[in-house]
Amino acid sequence: ELKQEFFKVASSRALATELIVLNPAGDGFLFLANYHDSTDWILNVTSFFEGILKDFEQIKNSKLANYENIQTGVKIGVAKGPVILGLIGDENQMHLTAMGPEVNLASRLCDKATKNEMVVSGEAWKAMNSSLNDWETKLLDYNDIKGFPFNISAAHISRRMKNVSKNLCTKCGKTLSVFRNSEGFLDIRCPENHDQSLESDKNVA
């Protein structure tokens, strides 16, 4: 019952952000974003990620409040590239699905994600980078992704930071300096050296 509720919410959120819902796969979904060759897919993907986190949190608070042993979360893998669309199944039941290396890569990157995290391939990251400056992000390289005998660069994206989107310190109101350090993390600094910790509720969405 809970699984069906999650699927229903995920499908509704995907349609609201103009993603095509393809066939369910186990405990997940396959979505197609850039189906009309538009840069809007970047906004659609990030809007879906941000929205589904809120949706699942609402379900957790309303329906799982008395079930502390049940863990919920969202993991998303994103890859950019051409895919082949086709129907699979038989005369009794058919599903529209996508096939190709990028589909497999998105699935493998999803496996690399931790709870409530979106992992984006290097190619997708190049397109999305400028739109994700206000998200907590870590860049990593992988050489152990099944089916890909070469290094895969990926960006782990977890949450939007309110202070970065405003570029102002929440304590003194002065403009923040934002840049990426050598480890790939966003480094946020206030001219007055006020703490911009991501753990602060004032600074994190």
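Biologist: How do you know that the reach of helix 2 is close to what is expected?

Modeller: Let's check it in this predicted model. Helix 2 has 24 residues, and the rule allows 1.5 Å a residue, counted for one less than the number of residues. That gives an expected 34 Å, and the helix reaches 34 Å from its first C-alpha to its last.

Biologist: And what makes the span of helix 1 agree?

Modeller: The reasoning carries over. Helix 1 has 15 residues, which should span 21 Å at 1.5 Å a residue; its end C-alpha atoms lie 21 Å apart, so the two values agree.

Biologist: Which residues of helix 1 are buried?

Modeller: They are Phe6, Phe7, Val9, Ala10, Ser11 and Ala14. Each is called buried because its relative accessible area is under 20%. In helix 2 the buried residues include Trp41, Val45, Phe48, Phe49 and Ile52, along with Asn44, Thr46 and Asp55. Across the chain of 205 residues, 35% are buried.

Biologist: Why is Glu18 called partly exposed?

Modeller: Its relative accessible area is 41%. Buried needs under 20% and exposed needs over 50%, so Glu18 falls in between and is partly exposed.

Biologist: Where is Glu18 found?

Modeller: In the loop between helix 1 and strand 1. Its phi is positive, about 65 degrees, although Glu18 is not a glycine.

Biologist: What makes a positive phi worth pointing out?

Modeller: Most residues other than glycine have a negative phi. Asn116 is another residue with a positive value, near 60 degrees. You will find Asn116 in the loop between helix 3 and strand 6. With a relative accessible area of 29%, Asn116 also sits between the 20% and 50% cut-offs, so the label is partly exposed.

Biologist: Let's go inside. Which residues touch the most other members of the largest nonpolar core?

Modeller: Trp41, Val78, Met118, Val120, Met128 and Ile157 do, out of 26 residues in that core. Helix 1, helix 2, strand 3, strand 6, helix 4 and strand 8 each supply at least two residues of this core. Helix 2 gives the most, with 8 residues.

Biologist: What is Val78 in contact with, leaving aside its neighbours within four places in sequence?

Modeller: Trp41, Val45, Ala106, Leu109, Met118, Val119, Val120, Ser121 and Ala124. Each is called a contact because heavy atoms come within 4.5 Å. There is also a second, separate core of 9 residues, among them Leu109, Ala113, Ile145 and Ile152.

Biologist: How much space lies in the largest pocket?

Modeller: About 1500 Å³. It is lined by 46 residues, and Phe29, Leu30, Phe31, Lys75 and Cys110 are the closest to its centre. Rolling a probe the size of a water molecule over the atoms shows where such empty space is left.

Biologist: Which helix gives the most to that lining?

Modeller: Helix 3, with 7 residues. Other elements that supply at least two include helix 1, helix 2, strand 1 and strand 2.

Biologist: How many residues of the lining are nonpolar, polar or charged?

Modeller: The lining has 28 nonpolar, 11 polar and 7 charged residues. Phe29 and Leu30, two of the residues closest to the centre, belong to classes counted as nonpolar, while Lys75 counts as charged.

Biologist: How many helices and strands does the chain have?

Modeller: The secondary structure comes to 5 helices and 10 strands. Of the contacts with a separation of 6 or more, 56% involve residues 24 or more positions apart.

Definitions and conventions
Residues are numbered from 1 along each chain as its sequence is written. This is a predicted model: local features need pLDDT of at least 70, side-chain atom pairs count only at pLDDT 80 or more; totals for chains, interfaces and linings use all residues. Side-chain values use heavy atoms; hydrogens and water are left out. A nonpolar core is a set of buried Ala, Val, Leu, Ile, Met, Phe, Trp, Tyr and Cys residues joined through side-chain atoms within 4.5 Å. Buried means under 20% relative accessible area, exposed over 50%, partly exposed in between (1.4 Å probe, protein chains only). Helices (H or I, at least four residues) and strands (E, at least two) are DSSP runs, numbered from the N terminus. On a 1 Å grid over the protein atoms alone, a cavity is a set of points where a 1.4 Å probe fits but cannot get out, and a pocket is an open set with protein on both sides within 12 Å along at least five of seven lines; lining residues have an atom within 4 Å of a point. Grid points are joined across faces, edges and corners, and a volume is the space filled by probe spheres set on the points.
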